[in-house]
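The following exercises concern a predicted model. Each task is followed by a solution that proceeds step by step.

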Amino acid sequence: MLRIACPLCGERDYTEFRYGGDADKRRPLHGTADLKAWDDYVFVFDNPKGPHREFWQHVVGCRQWLILERDTATNAVGVCELARALANAREDSRR
Amino acid sequence: MIATPYRLPAGGRLDRDDAIGFSLDGRPMSGFRGDTLASALLANGVMLVGRSFKYHRPRGFLSAGIEEPNGLFTLGEGQCTEPNVAGTVTELVEGLSARRQNGWPSVEFDLMSINWLIAPLLAAGFYYKTFMGPTRGAWMFYEPLIRRAAGLGRGVHQRDPDRYQTRHAFTEVLVIGAGLAGLTAALAAGRAGARVVLVEQDTLLGGGLLLEDAAGPAEDWRRRVEAELQSLPNVDILTRTTALGLYDGGTVALVERRDHLQPDSACGEARQIVTTLRARAIVYATGATERPLIFPNNDRPGVMLAAAVRGYLNRFAVGLAKRAVVTTNNDSAYATAFDLARHGVAVTVVDQRNAVRRELENKAKALKIELRTDATVIDVLGTKRVTGVVLGSTSGEAQLSKSDCDLVCMSGGWSPTVHLTAHGGIKPHYRSDIAAFVPGGYAEGQFGAGALTGSFAVAAAIREGMDAGRTAAARSGHDARASELAPPVLDSTGYGIESICHLPRKRNGKAFVDFQNDVTVKDLTIAHQEGYQSVEHLKRYTTLGMGTDQGKTSNINALVIEAQSRGVDISGATTTTFRPPFTPVSFGALSGRSVGKDFRPTRRSPLHDWHLAHGGELIQAGPWMRAWWYRWAGSTAQSAYIEEMRLVRTGVGLADASTLGKIDVQGPDAAEFLDRIYANNFSKLQIGKARYGVMLADDGTVFDDGTTTRLGETRYFMTTTTAQAGEVMSWIEFLLQTAWTDLKVHVTSITDEWAAMAVAGPRARAALELALPGEDLSDSKLPYMGCLEIKIEGVPLRLIRLSFSGELAFEVYVPADHAVALWEHILSSASPLDIKPYGLEAVASLRIEKGHVAGLELDHRNTLDDLGLGRMASETKAYVGRELRQRPMLHAPQRWSLVGIECLEPGKTLRGGSILFAGTDKIEGHGRGYITSVTWSTELNKFIALGLYQGGLQHAGEDIVCAYPLKAEQVKARIVAPMFIDPKGERLRA
């Protein structure tokens, strides 16, 4: 059983979470009219073997969306952080 | 006392003061506490325990453990029947009822054994070649017959009355297996202070030590270590517990058997318990399994694995023979030969090797054992019991000799029990020095010790156990200084295997590789000749290793034979993939308490009990139990919902809408947020007004709909559909937490906190005025799509004038605790208007008449335009899904889109799921669309439906055919606008 270390709730079984896809894909900014950008974001996925950063939500815990490092070949999990914290940090660096 | 002819007068690890009565095929028998079913049967003189899978050959026990392929029984009676249980792992309990399997009329006299005469027809691939392919139809006819002739025990179609339990647990160190290495590892970790769980599938700790003389020095060691482990409060010992599978994150599934406690399900006692254990470190000390040798008729009752014979002798005090032949390719079988000789059995050792160590030779001589090297068994005599063997030389076809015996003990070497270590995907690798596969590595925090690693010597097992236990404890920060444990004194013979190879014989008689599935050397040869050379193909073509024993005694031998056929070195071979469960597990144990009504969680409306107490019939809708229809309206759903529809169209009804998803949206950017997630505009919504909104997914298809009410400048009350409530909540949390972190908005699910009820019908306002005297509910104060927040006796209510039915209607929201009180208050105060409750069936039917889409139409493939809602989308703002909604194919004129359908044939029924065809179409294939929702219309007195149809309303007025092939029905119907009543909406604005 995959065990995920939620930064707020501690280590829990993955059955408490839902998966949310590749976290390195950047959602186009709201209102972006570029059809191609949306098409890439919604339909085009890498299927990597090895390290992967992905969204998980702690559905029956704190409800926070997290970004988890997971190796798709071994299922070994690495760092797990709040998606909001990372998004805010990205915003700050943009300013 | 029932005679037990093969029980020795003394010895063994049995409680001879505790006799246990049991039965085989109804015949009473007797054993002792400490017996397995197998040892007790052998003590009672039962050698023939079953008929083989395909050929119905007589079979006896091969082993004394979980690897047993032959001795499978049906245990219990009636509802408690459990088929295919290995007698070698069944603990003997008072009253146990066992039946032998796969013989007709009986195992002793089996008419099906004539299969033996047509055996040449039943080789690998026979079924497929004969019944599949060009004569495929034949398979449909023959399959049930073949399945009956071949096969194992049969289950029953009755509910299992026993109780099964599941639990979750954590530990710092898990040790799997309690042999020499496992006991030592548990002790080392336990002494260091770590929380330890030691699991052992057997009833006793000791593993291979239990094969030793119960009065010898090894037993002292075993008892001493067990006593120390039991004195440590931080060590949990779980016997009768099997580790079924290893999963990510150090998670292990354990199943504990408790039949020996005779659990009483009426008192809540569980027969089996499955534990999901999360361990910070794992020590595998799973030992090794002995392999058979392969020679013609090696499956006759009385041909057994050498260590098993030793176990029956020393642990269970069963003397199986007067004259035994021990045949081997390694040293380990000598221990069996010596122990048999010490018990007065005349023993011949037939060793395939050219020479044996002097030490063994001397000892054999001292015990008067006849020792033949460069020798091998080339045939077995006897049918229901071994009567002798034919011997030849390993190196050539020298003169044959015959030797009488009533027992053949064989050892083809040992295979480490690598299964659990490989569940995570780490393939075992072959070590030619011990002619066996060992773990190919371990996941982080996991270790191996003892025979599993190929270390068969006593001292090595102790050393590896110590190291593994200490390292495992250190992972949790426990001081793991070396502690001492002297190894037990064992009369160890060593291993000394040279290589394993299959020796072809020019001799008739089947040489079995997989005993349970009746796979012979010849089958493997055929498979090879036909090109099935990969081990995975070989397995599937011959069914080798696919029985309940999962090939524990056969897989490695098959790999050797296959490698030899291909002329390649075995060391390059790979095993098939090991998967959980390690040994068979009952469905009862896996499902635990999640059966029947507890199969999954059930959600209930706060009005649930009221519905039940007042004639409400419930229906499951996703996780919810919802009020379906009420007894006041009729005695069946079909009649009641029509009566309830009539109530809403002509009077007033009350419906429970509490299952709707409800979300509180607050914050300075709430309006901007709603503008982004809804396709239509919400920022311009006035305070105190509600609006119907549609959300799209990123790909431009419709995701969900609902109404959202503006309660204040920065506060909205959102509702979602019942089915999508959880999805919508996760989705908006995703957007707010990962993409729109700059928006100052907070969302909270209040689905469970607020109940909802709909008051609907021409008399709805009058009904509410009776219930809420003094409130002005006039059209000017509370117009269509208006919202009023009021209090009744201090309890807040939200009245929103919404209509799902198409009638004048109000939705009333109230904190869940007060739902029943308000519901009863409305019913009693409005009783002069004949208000009654109506259920989900009527709700869903009323909305079809009105043409409102719901979950059946919103199938995540259709667009706003498909549903006739295209004009709702804002032209002036961005919203989720706007861009991909523009994709040209989503605007193709031939898309399946929403239509209304009217039945043209009175007396006929429209059915949901019917396939739609144009009137001129040939009725075949997928048609031009399908019916999504259907109801009887009380207004139109005919069946009406909503559906998706190619080209949609371009075809309005055209006649179509609704085909329902499952019932061979075709009904003529007409495409109409999807709104059957009050198209101008005058009723809901009344």
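**Exercise 1.** Identify the residue of β41(B) that is the bridge partner of Ile800(B), and place this pair within the run of strands from β39(B) to β41(B).

*Solution.*
1. The bridge partner of Ile800(B) in β41(B) is Glu811(B).
2. This pair belongs to the junction of β40(B) with strand β41 (residues 809-815) of chain B, where 3 bridges join antiparallel strands.
3. β40 (residues 795-800) of chain B also pairs with β39 (residues 787-792) of chain B, in the antiparallel sense and over 6 bridges.
4. In that pairing, Leu788(B) has Leu799(B) of β40(B) as its bridge partner.
5. The hairpin of β39(B) and β40(B) leaves 2 residues between the strands, and Glu793(B) adopts a positive phi near 50 degrees there.

**Exercise 2.** Determine the strand order of the open sheet that contains β29, β30 and β31 of chain B, and state which helices pack against β30 and β31 of chain B.

*Solution.*
1. The order is β29-β31-β30 (chain B), and the pairing of this open sheet of 3 strands is mixed.
2. β29 (603-604) and β30 (616-621) of chain B each have a single partner strand, so these edge strands each have one side without a neighbour in the sheet.
3. The pairing of β29(B) with β31 (residues 624-630) of chain B is parallel and comprises 2 bridges.
4. Within it, Arg603(B) is bridged to Trp624(B) of β31(B).
5. Helix α16 (residues 637-650) of chain B lies across β30 and β31 of chain B, at about 80 degrees to β31(B).
6. Helix α21 (residues 840-850) of chain B also packs on the sheet, where it touches β30 and β31 of chain B, and its direction makes about 80 degrees with that of β31(B).

**Exercise 3.** Establish how far α4(B) is enclosed, and relate this helix to α10(B).

*Solution.*
1. Helix α4 (residues 180-191) of chain B has 12 residues and reaches 16 Å from first to last C-alpha, close to the 16 Å expected at 1.5 Å a residue.
2. Because 12 of the 12 residues of α4(B) are buried, the helix is largely enclosed by the rest of the structure.
3. The buried residues include Leu180(B), Leu183(B), Leu187(B) and, at the end of the helix, Arg191(B).
4. Their cover includes β8 (164-176), β9 (196-199), α5 (217-231), β10 (235-238), β13 and α10 (458-474) of chain B.
5. After α4(B) comes Gly193(B), with a positive phi near 100 degrees.
6. α10(B) has 17 residues and spans 24 Å between its first and last C-alpha, close to the 24 Å expected at 1.5 Å a residue.
7. Among the buried residues of α10(B) are Ala461(B), Ile462(B), Glu464(B), Met466(B) and Arg470(B).
8. The cover of the buried residues of α10(B) includes α4 in turn, together with β8, β13 and β26 (446-448) of chain B.

**Exercise 4.** Decide whether Phe682(B) is buried or exposed, and list its contacts beyond four places in sequence.

*Solution.*
1. Phe682(B) lies in the loop between α17 (670-677) and β34 (690-696) of chain B.
2. With 24 other C-beta atoms within 10 Å, Phe682(B) meets the criterion of 20 or more and is therefore buried.
3. Its contacts beyond four places in sequence are Ala671(B), Leu674(B), Asp675(B), Arg691(B), Gly693(B) and Thr708(B).
4. Phe682(B) and Asn362(B), 320 residues apart in sequence, are 97 Å apart in space, C-alpha to C-alpha.

**Exercise 5.** Describe the nonpolar cores that contain Val408(B) and Met718(B).

*Solution.*
1. The largest nonpolar core has 169 residues, and Val173(B), Val283(B), Ala337(B) and Val408(B) have the most contacts inside it.
2. Beyond four places in sequence, the residues that Val408(B) touches include Val303(B), Val325(B), Val377(B) and Val389(B).
3. Another core, of 59 residues, lies apart from it and includes Met718(B), Val899(B), Phe943(B) and Val971(B).

**Exercise 6.** Characterise the side of chain B that touches chain A.

*Solution.*
1. The contact involves 22 residues of chain B and 25 residues of chain A.
2. β13 (272-284), α18 (725-739) and α22 (882-885) of chain B each supply at least two residues of this side of chain B.
3. The largest share, 6 residues, comes from α18(B).
4. The residues on this side of chain B comprise 6 nonpolar, 8 polar and 8 charged.

Key: Residues numbered from 1 in each chain as written. Chains lettered and ligands numbered in written order. Predicted model: local features only at pLDDT ≥ 70, side-chain atom pairs only at ≥ 80, totals over all residues. Contact = placed C-beta atoms within 7 Å. Helix = DSSP H or I, 4+ residues; strand = E, 2+ residues; numbered from the N terminus. Nonpolar A, V, L, I, M, F, W, Y, C, P; charged D, E, K, R; others polar. Expected span 1.5 Å × (residues − 1). Core = buried A, V, L, I, M, F, W, Y, C linked by C-beta atoms within 7 Å. Pairing = 2+ DSSP bridges. Axes fitted to C-alpha atoms, helices over the stretch in contact; angles between N-to-C directions.
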